[in-house]
Structures are given as C-alpha cells and as structure tokens.
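Here are my notes on the structure you sent, set out point by point, beginning with the overall dimensions and ending with the ligand.

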Amino acid sequence: MSPAPAFGPVPPDPLHGRRIAITGGTSGLGLALARAAHARGAKVALVARTASEVERVVRELPGSAGIVGDVADKGAIHPVALQLTARLGGLDILVNNASSLGVVPLAPLADTECEELELALATNLVGPFRLTRALLGALAASAREGTGAVVLNVSSDAAVQPYPGWGAYGASKAGLRHLSAIWDLELRELGIRVLSADPGDMDTPLHALAVPDADPATLKPPAQAAEELLAVVTAALADRLGQQPELETAS
Ligand SMILES: NC(=O)c1ccc[n+]([C@@H]2O[C@H](COP(=O)([O-])OP(=O)(O)OC[C@H]3O[C@@H](n4cnc5c(N)ncnc54)[C@H](OP(=O)(O)O)[C@@H]3O)[C@@H](O)[C@H]2O)c1
C-alpha cells in the first residue's frame, strides 16, 4: 500500500501582503496585473490618467488604491509617488506598465513629428525613470526589511527588433530595456532588482490601435501575460534570477 499523501500547511503566496504599484492599471495588461495581484492577496495601487476608469477598477478590487496621474508629466511624478507610498504604507514592487505608441496610426520616422517621439519617450522611458527614482527610498527600505524589492519595466519585442513604423515606440522601449539592465546592476547592492520583460502580443486596446486588422484570436490574453510577469516578479523576490537582466516571456 502506498503511503498516504502528506498534507501540510499550504505555503503562503509570495505576493500575499506585498505592496505593488502598477502604472496603467485600468486597461489591458495593467488591469490584468492588478486583478491577479489583488486575487493573490497583494496590496494593490494603480495609476492612470482617466479618473472614471481608476474609480471603476478600485470599485472592482476592494481595498485597492487608485491614483489619477500622468507618468509623462514631470510635475505629476512626486505627487503620484507620495500617494503611492502613503496609500500602500511603503512599496515592494513597482510595475512601469503605462505606455504610449507616440504616433497613431503608426508611421515611418520621416512622418513622425518630434512631439510624437517626445510623447513616446516621456511616457515609456523618462516617466518610468522619474517614478522609479522617486520611489527608490521606499523600495530600498523594503529591501532592507528583507522582503526584497522589484521594479518591473514592461518591454516589447519592438525594443530589440527594428520594425518599420514602430520607430518612436521602439526607440523608447529599447531605451527602457537598457536603462533597466544598467539600473539592475547599480541597485543590486541595495537589494533592489530592476527587470524588463516582454509580455508578447496581447489582445488589448493598445494592440488594436497599433494593428487594427489583427485577429484577436491570435493574440495572448492579458490575464495569461499577467501571470507570466508575476512569475518573473516572484522569482526575483526569491532572488532566483541571478544576473539575467531581462526575461523574454513566450509570445
Ligand atoms: N498589447 C501588446 O500587444 C503589447 C505587446 C508588447 C508590449 N506591450 C506593453 O504592455 C504594456 C501594457 O500595454 P497594453 O496593451 O495593456 O495597453 P493599454 O490597454 O492601452 O493600457 C494602457 C494603460 O496605461 C494607461 N496610460 C497610458 N498613458 C498613461 C500615462 N501617460 N500616465 C498614466 N497612465 C497611462 C492607460 O490609462 P489612461 O489612458 O486612462 O491613462 C491604460 O490604463 C505597455 O507597456 C505596452 O508597451 C503591449
């Protein structure tokens, strides 16, 4: 007779009680991340520009904190950072997910206005830099407490592949990817990991704007990408990632 299976206490979810801030948490991947983290017992705060959407998600996710702010706006960063740490009581995980294509419809660089390139850079590169920098003290405090601290910057295959028409977005994501790798090396001694990850092509409003004729059935559900990215975060919290600066998830 085989021995009876041993039922012990279920280990706690590594996200349970963790304080996580997600920019762009009202749509697509950000909303899926907020829902998944909330379901796993994390304390969730989300940031987006549209107040009614922020309120809608906060109603859906009881106990979550909603902050209205524009990550591309220099003047908004410190108020957003202060609200995030005040509402969460500190910060363990920051996900820089909010994003802009810069040019809609997508256009060759020759037809891209400087202001459109600036919008992509402000939203996808400078905003995440500013917000991360403003939150370093809170993240370092969390790392000192021994729970680990992680910044996840949402990347794209356009960060490494030069797709025609994706110049503004691709350049901003390439910058974010490289920034992440350098920051990861610089912040290790504080116990903070900075990662970037490509979620793959997902069925979201941003993808529909970029590729209007794509068949949604061929795209990844954002909920699946969210689980994959949260696995990256929990692995980093457990310090199992070694020196690898970017994990490419399956598309
Ligand atoms: N979808 C894909 O196939 C795909 C592929 C590779 C990578 N990605 C990356 O995945 C991430 C999520 O994309 P998604 O497709 O889920 O996008 P999405 O559905 O368009 O959602 C974007 C979210 O960001 C918010 N947002 C946009 N600009 C903002 C700003 N300046 N400040 C604050 N919040 C802002 C939006 O709300 P408001 O408009 O109300 O601010 C919304 O909540 C992005 O980083 C994107 O580059 C997506």
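1. The model is a predicted one, and its overall dimensions are a sensible place to begin. The chain has a radius of gyration of 18 Å, which agrees with the value near 18 Å that a compact globule of 251 residues would have. Along the principal axes, the C-alpha trace spans about 70 × 45 × 40 Å.

2. As for the fold, the chain holds eight helices and seven strands. Buried residues make up 46% of the 251 residues, and, of the contacts with a separation of 6 or more, 68% are between residues 24 or more positions apart.

3. Helix H5, residues 136-144, deserves a closer reading, since Ala 138, Leu 139, Ser 142 and Ala 143 are buried there. These four cover an arc of only 140 degrees around the axis, and therefore lie on the same side of H5. An α-helix has 3.6 residues a turn, so residues three or four places apart point the same way.

4. What do the buried residues of H5 pack against? Their partners are helix H3 (74-88) together with the strands S4 (93-96), S5 (149-154) and S6 (192-198). After H5 comes Gly 146, which has a positive phi, near 90 degrees.

5. Turning to the ligand, 31 residues surround it, and those that come nearest are Gly 24, Gly 28, Arg 49, Thr 50 and Thr 204. Helix H1 (28-39), strand S2 (43-48) and helix H7 (205-210) are the elements that each give two or more residues to this shell. By type, the shell comprises 12 nonpolar, 14 polar and five charged residues.

Terms used
Residues numbered from 1 in each chain as written. Predicted model: local features only at pLDDT ≥ 70, side-chain atom pairs only at ≥ 80, totals over all residues. Near = placed C-beta within 6 Å. Nonpolar A, V, L, I, M, F, W, Y, C, P; charged D, E, K, R; others polar. Rg over C-alpha atoms; globule rule 2.2 N^0.38 Å. Buried ≥ 20, exposed ≤ 12 C-beta atoms within 10 Å, placed from the backbone. Contact = placed C-beta atoms within 7 Å. Arc of directions from axis to C-beta.
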